[in-house]
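Look at the sequence and the model below before reading on. The report that follows goes through a few local features and then the chain as a whole.

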Amino acid sequence: SGANTDSQKIKMTTPVTQFKESSKMIMQFYLPSTFTKKTAPLPTDPKVDIITIAEGYYAVIKYSGRITDKNFNKHTKILKKNLIKDKIEIIGPAIKAIYNGPFTLPLLRRNETMFLVDWKKL
């Protein structure tokens, strides 16, 4: 939206991710690859931070439909059950990844539940 020190508008990228940390909901927007932490314009909102996310392995389940807690929790349980069954250690909270805008028909939406995992190649 241009709410930064350079008043620079930046195109949205996908996905937008959400997860709970302590009792707070964290929402993450990803910058285009043309930016680095050093070159990104500084946000003017004190609630917005620019961070670099460490690389890692994520287990993901894809689903369509609305972004309701019920739908997210259903797919989180399915993914978690399969990871436990396969003895894959979950090392982060469930992450909701949203790829489409609110005006996309629910049947055509792409959503994901993700977990950061400790992946050991066998």
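## The segment before S1

Pro15 lies in the segment before S1; strands (E, at least two residues) and helices (H or I, at least four residues) are DSSP runs, numbered from the N terminus. This is a predicted model, in which local features need pLDDT of at least 70 and side-chain atom pairs count only at pLDDT 80 or more, while totals for chains, interfaces and linings use all residues. Residues are numbered from 1 along each chain as its sequence is written, and side-chain values use heavy atoms, with hydrogens and water left out.

Thr14 and Pro15 are joined by a cis peptide bond, with omega at about 0°. Most peptide bonds are trans, and most residues other than glycine have a negative phi. Is Pro15 buried or exposed? Pro15 has a relative accessible area of 14% and is buried; the word buried means under 20% relative accessible area, exposed means over 50%, and partly exposed is in between (1.4 Å probe, protein chains only). Pro15 touches Gln28, Tyr30, Ala97, Ile98 and Tyr99, with residues up to four places away in sequence not counted. Contact here means heavy atoms within 4.5 Å. From Pro15 to Thr52 the distance is 16 Å, C-alpha to C-alpha, and the two are 37 residues apart in sequence.

Ala3 is also found in the segment before S1. With 43% relative accessibility, Ala3 counts as partly exposed. Leaving out residues up to four places away in sequence, Ala3 touches Pro43 and Thr44. Ala3 and Asp45 are 42 residues apart in sequence, and their C-alpha atoms are 7.3 Å apart in space.

## Positive phi angles

Two residues that are not glycine and have a positive phi are set out here.

| Residue | Phi | Place | Relative accessible area |
|---|---|---|---|
| Ser7 | about 50° | segment before S1 | 55%, exposed |
| Lys87 | near 60° | loop between helix H1 (69-85) and strand S4 (89-90) | 75%, exposed |

A further positive phi, of about 60°, belongs to Ser22, in the turn of the hairpin that S1 and S2 form with 2 residues between them.

## Strands S1 and S2

Strand S1 covers residues 16-21 and strand S2 covers residues 24-28; they pair in the antiparallel sense over 5 bridges. Two strands pair if DSSP finds at least two bridges between them. Which residue in S2 is the bridge partner of Phe19? The partner is Ile26.

## The nonpolar core and Lys96

The largest nonpolar core has 9 residues in all: Ala59, Ile61, Tyr63, Phe72, Leu79, Leu83, Ala94, Phe115 and Val117. Strand S3 (57-63), H1 and strand S6 (111-118) each supply at least two residues of this core. Such a core is a set of buried Ala, Val, Leu, Ile, Met, Phe, Trp, Tyr and Cys residues joined through side-chain atoms within 4.5 Å.

Phe115 belongs to this core. Neighbours within four places in sequence aside, the contacts of Phe115 include Tyr57, Tyr58, Ala59, Leu79, Leu83, Ile90 and Ala94. Thr76, Lys80, Gly92 and Pro93 are also among them.

Lys96 has its place in strand S5 (residues 95-98). Lys96 counts as buried, at 7% relative accessibility. Not counting residues up to four places away in sequence, Lys96 touches Val16, Thr17, Gln18, Tyr63, Ile67, Asp69, Phe72 and Glu112.

## The chain as a whole

How many helices and strands are in the chain? There are 1 helix and 6 strands, and from the N terminus on they run β-β-β-α-β-β-β. The C-alpha trace spans about 50 × 35 × 30 Å along its principal axes. The chain has 122 residues, of which 28% count as buried. Among contacts with a separation of 6 or more, 59% are between residues 24 or more positions apart.

About 9,400 Å² of the chain is exposed, and carbon and sulfur atoms supply 58% of it. Accessible areas come from the Shrake-Rupley method with a 1.4 Å probe; for residues, only the protein chains shown count as cover.

There are 21 positive and 10 negative side chains in the chain, and the centres of the two sets lie 9 Å apart. Lys and Arg count as positive and Asp and Glu as negative, while His and the chain ends are not counted. The place of a charge is taken as NZ of Lys, CZ of Arg, CG of Asp or CD of Glu.
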